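These are my notebook entries on one protein chain. I wished to record its elements, its interior and its surface in turn.

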Amino acid sequence: MHKRIYRLTLTALFVAFGVVGGSMFEFTIGVAKVAPMQHLINLISGVILGPWAALTQAFLTSLIRNILGTGTILAFPVSMIGAFCSGWIFKKTRKLIFAVFGELIGTGIIGAIVAYPVASLFLGTKGALWIFIPSFFLSALVGVVIGYGILKVMWKTVIVPQLDKFY
């Protein structure tokens with residue numbers, strides 16, 4: 001039971017950081033409102049909590065930001081795919097750099113491709129697919145560079161001891 005409460009608490013903290021940080025550190029490229037903080041949190045939650053908790057964190061963060069009017073509907077597929085890919089790849093490899101690439105590819109490429117029909121259907125966007133990939137990839141790149149730095153600093157003292165609790 002203690003393990004479950006700990007995981008839920010960390011997930012809730014990551015959601016709170018995503019909602020607040022995503023609103024404070026954001027910029028717009030084309031039709032997309034990009035928030036590097038979300039990608040930083042996707043990476044960290046994917047590594048620490050695993051793919052399903054990271055997916056949950058991304059969904060809840062997107063939901064709250066949309067309810068508050070600080071996010072767009074594109075946050076759902078993009079952040080959720082990136083968070084899950086980051087956590088899943090880390091779970092399989094236990095290599096931090098692969099988790100980084102999971103977030104980059106999941107968000108910057110796969111999520112961007114999925115965002116295109118979502119934007120077309122719900123936002124009426126008539127742009128080209130190539131507009132989404134650079135904007136989401138850039139946002140993810142900024143977030144994972146910072147997230148990677150944070151995780152590397154904490155790796156041996158905080159992260160590695162925690163992994164045994166969750167995996």
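The entries below follow the order in which I looked things up.

Entry 1, the model and its confidence. I noted at the start that this is a predicted model. I then looked up the pLDDT of the protein chain and found an average of 87. A score of at least 70 is reached by 87% of the residues. I also asked which elements have the lowest and the highest confidence. Strand β2 (residues 32-34) is lowest, with a mean of 61, and helix α3 (residues 51-68) is highest, at 96. I shall therefore read strand β2 with caution, given its mean of 61 on a scale from 0 to 100.

Entry 2, the elements. I counted six helices and two strands in the protein chain. Read from the N terminus, their order is α-β-β-α-α-α-α-α.

Entry 3, contacts along the chain. I took the contacts with a separation of 6 or more and looked up how many join residues 24 or more positions apart. The share is 69%.

Entry 4, the interior. The protein chain has 167 residues, and I recorded that 46% of them are buried. I next looked up the largest nonpolar core, which has 19 residues. Among the residues with the most contacts inside this core are F14, L43, I44 and L151. Helices α1 (2-24), α2 (36-49), α5 and α6 (132-166) each supply at least two residues of this core. The largest share comes from α2, with seven residues. Apart from this core I found another, of eight residues, including V78, V118, A119 and F136.

Entry 5, the surface. For the protein chain I noted an accessible surface of about 8300 Å², and 75% of this belongs to carbon and sulfur atoms. I then found a nonpolar surface patch of about 630 Å². Its residues are I97, F98, F101, I105, I109, I110, I113 and V114. I chose I110 for a further look; I110 lies in helix α5. Is I110 buried or exposed, or in between? Because its relative accessible area is 38%, I110 counts as partly exposed; the range for this runs from 20% to 50%.

Entry 6, one loop residue. I looked up R94, which sits in the loop between α4 (75-93) and α5 (96-123). Its phi is near 60°, a positive value in a residue other than glycine. R94 has a relative accessible area of 40%, so I entered R94 as partly exposed.

How values were computed:
Residues are numbered from 1 along each chain as its sequence is written. This is a predicted model: local features need pLDDT of at least 70, side-chain atom pairs count only at pLDDT 80 or more; totals for chains, interfaces and linings use all residues. Side-chain values use heavy atoms; hydrogens and water are left out. Helices (H or I, at least four residues) and strands (E, at least two) are DSSP runs, numbered from the N terminus. Buried means under 20% relative accessible area, exposed over 50%, partly exposed in between (1.4 Å probe, protein chains only). A nonpolar core is a set of buried Ala, Val, Leu, Ile, Met, Phe, Trp, Tyr and Cys residues joined through side-chain atoms within 4.5 Å. Contact means heavy atoms within 4.5 Å. Accessible areas come from the Shrake-Rupley method with a 1.4 Å probe; for residues, only the protein chains shown count as cover. pLDDT is the predictor's confidence in each residue, from 0 to 100. Patches are made of residues with over 30% relative accessible area and no salt bridge: like charges are joined within 9 Å, nonpolar side chains (Val, Leu, Ile, Met, Phe, Trp, Tyr) within 5 Å. A salt bridge is a side-chain nitrogen of Lys or Arg within 4 Å of a carboxyl oxygen of Asp or Glu.
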